[in-house]
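Trainee: Could you take me through one part of this model in close detail? I would like to follow a single strand and its surroundings, and then see how the other chain is put together.

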Amino acid sequence: MQITAASEGPDFSGSNSFFSEYNVDLTTLISKKALKADNIKSVKLSKASIQSLEGAEVDFSQFSSASLQVVADNAPMTSIAILNPILENTSGAIALTVSEEAELTDVFKESSFTFLLDLDFKEDNYDDAMSISLNLELLVEYN
Amino acid sequence: MNYLLNTIKNIMNTLKAVLFLLVFSFSSIMSFAQEDGDKLIGVWEPSHGKAKVKIEKIGSKYYGKIVWLREPNDPETGQPKVDRNNPDESMRTNPIKGYRILKDFVYTGDNEWSEGTIYDPENGNTYSSTIKMKDDNTLDIRGFIGVSALGRTDVWKRLQMPKKK
């Protein structure tokens, strides 16, 4: 799945949050079967990467680290992927290290939840807004 | 007949007015409750003075992340401190500065926030937690395992910004 996370800006030196509200649609989660919440046995993140949106290049060398979490009304905030440090001269899709333990099962049983990407800015950035693409691969176990 | 119709109309109008007042009062109470909960937002300093924690609201819940460390670098590596005690080994390179140690607090009224957790990066343990605001600038933050009676309370102070001259 590909989603867009945005920060309103300006972003000051240190950790700043990019948000993406995700409306859960189990009918499109996997192509073979229209799932219901009760069908889901387990959801885990298997791959995660960040990259610029087409036509809106972001210089990733301005960040020192990245941390991705999920937040939901009825489930605890969970860290699902990180990258520290982000190397200089990085371009294209930047792969994050995925948590081996984090479970996404509960958040996918909600009607919606939020992806929260924290990017650690090396310096102040006074741009009004910034958007970044999140590419996520999920492992879904279902009945 | 007309008298009966007028009486029914009057009763209906009175009921509408009462319903409007009830809905208005309920919305006002909800709005005040949300505003009361937002008193927690700000930068706070635990009693040990080794960190400053910024509490913010995400969705309907409150979270606190470390925004300042007295010793930002690990004395062993000379590099910025990372979450090396995290029980999830794959997450141990996460920087401590910027880490959310307070998570998922819900305002329950009467200057109390509950249902949250507090993480201690020094040992990698996560505790159930409640927050009680004693006054506008003082928090009692209680961490516990299981029942609240078996825990420890720390006093946090709101960061006072120096006044501009």
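Mentor: Happy to, and confidence is a good place to begin, as this is a predicted model. Chain A has a mean pLDDT of 91, and 99% of its residues reach 70 or more. Among the elements of chain A, the lowest mean pLDDT, 74, belongs to helix α1 (residues 26-29), while strand β7 (residues 97-98) has the highest, 97. Where pLDDT is low, the predicted coordinates should not be read in detail.

The part I would pick for a close look is strand β4 of chain A, residues 63-72, which is where Val70(A) sits. This strand is mostly covered, with 10 of its 10 residues buried. It has partners to follow in turn. With β8(A), strand β4(A) pairs in the antiparallel sense, over eight bridges. One place to see that pairing is Ser65(A), whose bridge partner in β8(A) is Asp120(A). With β5(A), the strand β4(A) also runs antiparallel, and here six bridges join the two. A hairpin of two residues links β4(A) to β5(A). Within that pair, Val70(A) stands opposite Thr78(A) of β5(A).

Let's stay with Val70(A) for a moment. Is Val70(A) buried or exposed, and why? Val70(A) counts as buried because it has 22 C-beta neighbours inside 10 Å, and 20 are enough for that label. Setting aside neighbours within four places in sequence, the contacts of Val70(A) are Thr78(A), Ile80(A), Leu104(A), Val107(A), Phe113(A), Thr114(A) and Phe115(A). Thr78(A) therefore appears both as a contact of Val70(A) and as the residue opposite Val70(A) in β5(A), where bridges define the pairing. For a sense of distance, Ile50(A) is 20 residues from Val70(A) along the chain, and their C-alpha atoms are separated by 15 Å.

Val70(A) also has a place in the wider packing. The largest nonpolar core holds 52 residues, and those touching the most other members are Ala66(A), Leu68(A), Val70(A), Ala81(A), Leu96(A) and Leu117(A). The element that gives the most to this core is β4(A), with six residues. Ala81(A) is worth a look as well: beyond four places in sequence, Ala81(A) touches Leu45(A), Ala48(A), Leu68(A), Leu96(A), Thr97(A), Val98(A) and Ser99(A). Leu68(A) and Leu96(A), which are among these contacts, are also on the list of residues that touch the most other core members.

From here we can step across to the other chain. Where chains A and B touch, chain A supplies 19 residues and chain B 17 residues. On the chain A side, the elements giving two or more residues are β2 (14-23), β4, β5 (75-83) and β8 (112-121). By class, that side has five nonpolar, nine polar and five charged residues. So the strand we have been following, β4(A), is one of the elements at this contact, as a DSSP run of chain A.

Now for chain B itself. Its secondary structure comes to one helix and eight strands, in the order α-β-β-β-β-β-β-β-β along the sequence. Chain B has 165 residues, of which 24% count as buried. Of its contacts between residues at least 6 apart in sequence, 32% join residues at least 24 apart. Chain B is divided into domain 1 (1-38) and domain 2 (41-158). The contact between these domains takes four residues from domain 1 and four residues from domain 2. On the domain 1 side, those residues divide into one nonpolar, one polar and two charged.

Within chain B, strand β4 (residues 100-109) is mostly covered, with seven of its 10 residues buried. Strand β3 (residues 61-69) of chain B runs antiparallel to β4(B), joined by three bridges, and Tyr62(B) has Phe105(B) as its bridge partner in β4(B). Gly64(B) also lies in strand β3 of chain B, and it counts as buried because 27 C-beta neighbours fall inside 10 Å. Between Gly64(B) and Phe105(B), 41 residues apart in sequence, the C-alpha to C-alpha distance is 9.4 Å. Next, β4(B) pairs with strand β5 (residues 112-120) of chain B in the antiparallel sense over five bridges; Tyr107(B) has Trp113(B) as its bridge partner in β5(B). Two residues lie between the strands of this hairpin, where Asp110(B) takes a positive phi near 55 degrees.

How values were computed:
Residues numbered from 1 in each chain as written. Chains lettered and ligands numbered in written order. Predicted model: local features only at pLDDT ≥ 70, side-chain atom pairs only at ≥ 80, totals over all residues. Buried ≥ 20, exposed ≤ 12 C-beta atoms within 10 Å, placed from the backbone. Helix = DSSP H or I, 4+ residues; strand = E, 2+ residues; numbered from the N terminus. Contact = placed C-beta atoms within 7 Å. Nonpolar A, V, L, I, M, F, W, Y, C, P; charged D, E, K, R; others polar. pLDDT = per-residue confidence, 0-100. Core = buried A, V, L, I, M, F, W, Y, C linked by C-beta atoms within 7 Å. Domains from an automatic or database assignment.
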